[in-house]
Amino acid sequence: MIDDLPLWLSILVSVLVVGGALLTMAGCFGMVRLQNFYLRIHAPTMGTSMGGGLILLASAIYFTITRDRLIVHEMIIFLFVTVTTPVTLMLLARATLFRDRIEGNDGVPKRINGDQQ
Amino acid sequence: MSVAILHWSLLAAQFLLSIAMLATLYRMVIGPRAQDRILALDALYVVALLLLITLGIRTNSQVYFELAMLIGLLGFVGTVALAKFLMRGEVIE
Amino acid sequence: MKRLFPHPLLAVILLILWLILQQSAGLGHILLGGVIAILASLAASLIIPEPLIVRRPLKVLQLIVVAGLDIVRSNIAVMLILFSPRPQPTAAFIEMPLKLTNTFGLAVLACLITATPGSAWLEYDRERSTVLIHVFDLVDADEWVETIKNRYESLLMEIFQ
C-alpha cells in the first residue's frame with residue numbers, strides 16, 4: 001500500500017468501491033433468493049452495469065491521482081463487460097426458452113410466429 | 001488516517017464480493033438445471049474480475065488489470081460456448 | 001479506399017481502444033494499432049456486410065445520458081426489491097411490436113434493454129418485427145412499452161435509419 005493519500009481521494013474511492021461491491025452482492029444475493037430462471041437472469045446485470053462501473057471508476061480515479069497521469073484503461077474492461085454480458089444473457093435466455101418449449105413446461109410463452117410447433 | 005480508511009473500506013468491499021462469489025457458487029452447485037449453472041458461472045466470472053480490480057487498488061499495482069481483462073475475455077467466450085451447447089448440442093457448427 | 005476501409009468507424013474505435021490499452025500515443029503504437037484496426041475491420045466486413053452509418057452523432061450522446069440515468073435508477077430499484085424481507089416481484093413476459101428494423105439499431109436496443117437490470121431481451125422475430133421481453137417488476141405493461149418506444153426506439157430510429 002501507498003504511504004500518504006489525500007483524504008478526499010480515499011473517501012471518494014472508498015464510497016465508490018463499497019457501493020459497487022454492495023450492488024454486485026445484491027445481484028448475486030438475488031441469484032440465491034429468486035425462484036425461477038427468468039427472474040434470476042436479471043441478477044448478474046447489476047454487477048455488470050452499475051456495480052462493476054463504480055468499482056472500475058474507483059480504480060481509474062485512484063491510479064490517475066496516485067500516478068499523476070491519466071489512466072483510463074479500466075474503461076476498456078467496462079465497455080467489454082457491458083457489451084458482452086447482454087450477448088451471453090440473450091443466448092442463454094434463448095437456449096432456455098428453446099429447452100422449456102421442448103419439455104413443454106408451464107409459464108413459458110409460445111414461439112411468437114407460432115408455426116414452429 | 002486516509003490510508004486506514006481506504007484499507008478498511010477495501011477490506012469491506014472484498015468481503016462483500018466474497019459473499020457474492022459464495023452465493024453464485026451455491027447456485028452453481030444446486031442448479032437445478034444446466035442453464036442455472038451457466039448463469040451462475042457467468043456471474044462468478046464478473047465477480048472474480050471485480051475482486052481482482054479491488055486487489056489491484058489494495059496492493060497499488062496495475063498487474064491485476066491484465067488478469068482481470070483476461071478473465072473477462074475467457075468468461076465471455078466460455079459462456080457463449082456453453083449457451084450454444086445448450087441450444088444445439090454442439091459448440092461449433 | 002472503399003475496399004481497404006469497409007468499416008471506417010470500427011477501425012477508428014479499434015485504434016482508440018488499442019492506444020488506451022497501451023497507455024501511450026507514440027508513433028509506433030499508432031502504426032501497429034492502425035495495421036491491427038484495418039485488418040480487424042477487413043475481417044469484420046466478412047461477417048457484417050452492411051455499412052454502419054450514424055446519421056446524428058450528437059444524438060448518440062443523448063442516448064448514452066438517457067440510458068445511463070435509466071440504468072442507475074433501475075439498479076437502485078432492483079436492489080431495494082432484492083433486499084426486502086420477502087421479494088415478490090410481479091414478473092411478466094411482454095410482447096412488443098417494433099418499428100425499428102435496422103440491424104445495428106436493434107443490436108443497440110437489445111444491449112441497452114438487457115444491460116438495464118429489471119428487463120431482459122429474450123427473442124426477436126424478424127417477420128413480424130416483434131420482440132419478447134421479460135420484465136422483473138412490472139407495474140403497467142402499456143406504460144412500460146410506451147416508455148421504451150418514446151425514450152429509446154425513436155432516438156435509435158433517428159440515429160440509424
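**Reading a predicted model, starting from one glycine**

Trainee: I've landed on B:Gly75, which sits in helix α3 of chain B, residues 63–88. Is B:Gly75 buried or exposed?

Mentor: For that you look at relative accessible area, and under 20% is called buried. B:Gly75 has 2% relative accessibility, so it counts as buried. Keep in mind as we go that this is a predicted model.

Trainee: Okay, and which residues does B:Gly75 touch, leaving out those up to four places away in sequence?

Mentor: Leaving out sequence neighbours is a good habit here. With residues up to four places away set aside, B:Gly75 touches B:Asp42 and B:Tyr45. You can also look at spacing: B:Leu41 is 34 residues from B:Gly75 in sequence, yet their C-alpha atoms are 8.4 Å apart.

Trainee: B:Asp42 caught my eye. Which residue of chain A touches B:Asp42?

Mentor: Try A:Thr85. With residues up to four places away in sequence left out, A:Thr85 touches B:Asp42 and, in its own chain, A:Thr48. So B:Asp42 is a contact of both B:Gly75 and A:Thr85. A:Thr85 belongs to helix α4 of chain A.

Trainee: Why does A:Thr85 count as buried?

Mentor: The cut-off you just used settles that one too. A:Thr85 counts as buried because its relative accessibility is 5%, and the limit is under 20%.

Trainee: Let's zoom out to the whole contact. How many residues does each of chain A and chain B put in?

Mentor: Start with residue counts, then go to area. Chain A gives 59 residues and chain B gives 50 residues. About 4,700 Å² is buried between the two chains, and carbon and sulfur atoms give 76% of that area.

Trainee: And how many salt bridges and polar contacts link chain A with chain B?

Mentor: Count the charged pairs, then the polar ones. There are two salt bridges between chain A and chain B. One salt bridge pairs B:Arg33 with A:Asp100, with 2.9 Å between the closest N and O atoms. Polar contacts come to eight residue pairs, with both partners at pLDDT 80 or more.

Trainee: Which elements of chain A give two or more residues to the side that touches chain B?

Mentor: They are α1 (7–33), α2 (37–40), α3 (43–67) and α4 (74–103) of chain A. The largest share of that side, 19 residues, comes from α4(A). Sorted by class, the side of chain A that touches chain B holds 36 nonpolar, 14 polar and nine charged residues.

Trainee: What does the secondary structure of chain A come to overall?

Mentor: Take the counts, then the order. Chain A has four helices and zero strands, and reading along the sequence gives α-α-α-α. Of its 117 residues, 58% count as buried. Then ask how far apart the contacting residues are in sequence: among contacts in chain A between residues at least 6 apart, 61% join residues at least 24 apart.

Trainee: Last thing: where in chain A does pLDDT stay under 50?

Mentor: Go from the overall scores down to the stretch. The model scores ipTM 0.84 and pTM 0.86. Chain A has a mean pLDDT of 82, with 90% of its residues at 70 or more. Among the elements of chain A, α1(A) has the highest mean pLDDT (88) and α2(A) the lowest (84). The stretch you want is residues 113–117 of chain A, where pLDDT stays under 50 and the model has four contacts beyond four places in sequence. As for chain C, its mean pLDDT is 83, and 98% of its residues reach 70 or more.

Notes. Residues are numbered from 1 along each chain as its sequence is written. Chains are lettered from A and ligands numbered from 1 in the order in which they are written. This is a predicted model: local features need pLDDT of at least 70, side-chain atom pairs count only at pLDDT 80 or more; totals for chains, interfaces and linings use all residues. Side-chain values use heavy atoms; hydrogens and water are left out. Contact means heavy atoms within 4.5 Å. Buried area is the accessible area (1.4 Å probe) that two parts lose on being put together, summed over both. A salt bridge is a side-chain nitrogen of Lys or Arg within 4 Å of a carboxyl oxygen of Asp or Glu. A polar contact is a pair of N or O atoms within 3.5 Å; within protein, one must be able to donate a hydrogen and the other to accept it, and residues adjacent in sequence count only if both atoms are side-chain atoms. Ala, Val, Leu, Ile, Met, Phe, Trp, Tyr, Cys and Pro count as nonpolar, Asp, Glu, Lys and Arg as charged, and the others, Gly among them, as polar. Buried means under 20% relative accessible area, exposed over 50%, partly exposed in between (1.4 Å probe, protein chains only). pLDDT is the predictor's confidence in each residue, from 0 to 100.
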